[in-house]
Amino acid sequence: MVFAHSKMAMAVACLAFSVAPVTATTYSMVKEYYGSSFFDAWTFYNYYDNLTNGDVTYVSAQNASAYQLAYVDTTTNHAIIKVDNTSTVVYDNKRNSVRITSDDSFAVGSLWVADLYHTPYGCSVWPAWWSQAAIWPQGGEIDTFEGINTNTQNQMSLHTETGCTAIGQNQTSTLVASTNCSYAANEDQGCIVTDPSTNSYGAGFASSGGGAFVTEMASTGINIWFFPRSEIPSSLSSNASTIDTSTFGIPVGNWPSTGCNISQFFEPQNLIFDITLCGDWADGASWNSTCSGICYNNWVMGNGTDYDNAYFEVSYVRVFSTEGTNTVVSSTTAGSPASTASGSTSSSSSSSPSAGLPHGGFWMTATVLAVIGLVSSAFFTLA
């Protein structure tokens, strides 16, 4: 019987930790942010950073344009999103920066691409390209690009309600810091995967010409790909209106539905660019191992030249829906009964969470039944 128990335990373990396949899907473009109209469909936060305790004031659209903190470079048609690097900040004041949130949100079955030539970096700098639902944490959060200070590798993560875990990840990265995605666990660090490439963040990203980040939010799982400039697939570089994820290869980060029912834990996502300074993470435990002095006093204060590299340069953002569908949730209809979600917490839209079984009821039930079947088979074979 001891041997039988060991065989049963092994069967259960194999089921729980087997690698889930990444499903290839064809997507069609439904939304594009590009060129002179890039900023037309975003909401500017227009308030100080009361979310991550950073030492910035996120300016309004009017001031962002007037101060040249958010504008389209007419020579390249690229959108620039930056920290103020020209003003002198005195003690007890904050430095101006930008946080923008897409007016529309995008439901499960969506994929979005951000082609970036430059991303912010430097001591005290905390940039992010990410998404979240109207209600957090119930609707989930996907951090596609994030880092702090002098980091050289991009950090990706999910943040959800309790019950979502990363199991059987099929990805190129072996740098997994945590697998519990719950906001209530480990001080809300989320389930983290780090890109091993030093071209994925910081000075290395900029010197290699940047690259493209692809985020897929499918019912089968969430995937993130990063392609350095020289390796961007032709379907992206050629601006194709339809893309096939089978051409992308294995993602650098993968969170399959085997441990997290995506449709349960993720509601339509609003896309977000932001750059804060210091704050909970950049001025946290790792500060002294990466930068010198006091974050606010020695970096935020002063003439701002330390922030010459604290900017996003965005060629485009494109959103795709599973072929034959439209996953765009318009900000003008988000409050209607037929809608599943709405705009971000920084916009005026609102909604209620999607209905469904708690904590991925379907997949949890299916997994339990599969385990019972395996255990029963092993038991009767050995009996």
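Me: In what order do the strands of the open sheet with mixed pairing stand, and what makes two strands count as paired?
Reply: The open sheet has 3 strands in the order E3-E4-E7, with mixed pairing. Two strands pair if DSSP finds at least two bridges between them, and strands themselves are DSSP runs of E with at least two residues, helices being runs of H or I with at least four, both numbered from the N terminus. Strand E3 (47-48) and strand E7 (95-97) are at the edges because each has a single partner strand, which leaves one side of each without a neighbour in the sheet. The model is predicted, so local features need pLDDT of at least 70 and side-chain atom pairs count only at pLDDT 80 or more, whereas totals for chains, interfaces and linings use all residues. Residues are numbered from 1 along each chain as its sequence is written, and side-chain values use heavy atoms, with hydrogens and water left out.

Me: How do you know that E4 and E7 are paired?
Reply: Strand E4 (residues 56-58) is joined to E7 by 3 bridges, and the definition asks for at least two, so the two strands, which run parallel, count as paired. In one of these contacts between the strands, Tyr 58 has Ser 97 in E7 as its bridge partner.

Me: Why is the contact between Glu 32 and Arg 318 called a salt bridge?
Reply: The term requires a side-chain nitrogen of Lys or Arg within 4 Å of a carboxyl oxygen of Asp or Glu. The closest N and O atoms of Glu 32 and Arg 318 are 2.6 Å apart, so the pair meets the definition. The pair links distant parts of the chain, with Glu 32 in strand E1 (residues 26-34) and Arg 318 in strand E20 (residues 311-322), 286 residues apart. The structure holds 4 salt bridges.

Me: What makes Arg 318 buried or exposed, and what is Glu 32 called?
Reply: Buried means under 20% relative accessible area and exposed over 50%, with partly exposed in between (1.4 Å probe, protein chains only). Arg 318, with a relative accessible area of 6%, is therefore buried, whereas Glu 32, at 37%, counts as partly exposed.

Me: How do you know that Lys 94 and Asp 55 form a salt bridge?
Reply: Their closest N and O atoms are 3.9 Å apart, which the definition accepts because the atoms are within its limit. Lys 94 lies in the loop between strand E6 (78-82) and E7, and Asp 55 in the loop between E3 and E4, so the pair ties together parts that are 39 residues apart in sequence. Lys 94 is called partly exposed because its relative accessibility is 34%, while Asp 55, at 16%, counts as buried.

Me: What makes Asp 115 and Arg 229 a salt bridge?
Reply: Their side chains meet with N to O at 2.8 Å, and the definition is therefore satisfied. Asp 115 belongs to strand E9 (residues 110-118) and Arg 229 to the loop between strand E16 (221-228) and helix H4 (234-237), 114 residues apart. Asp 115 has a relative accessible area of 6% and is buried, whereas Arg 229, with 23%, is partly exposed.

Me: How do you know that E16 and E18 are paired?
Reply: E16 and E18 run antiparallel and are joined by 4 bridges, so the definition of pairing is met. Gly 221 stands opposite Pro 256 in E18. From strand E18 (residues 253-256), Gly 253 and Trp 255 point one way and Asn 254 and Pro 256 the other way, and all are buried.
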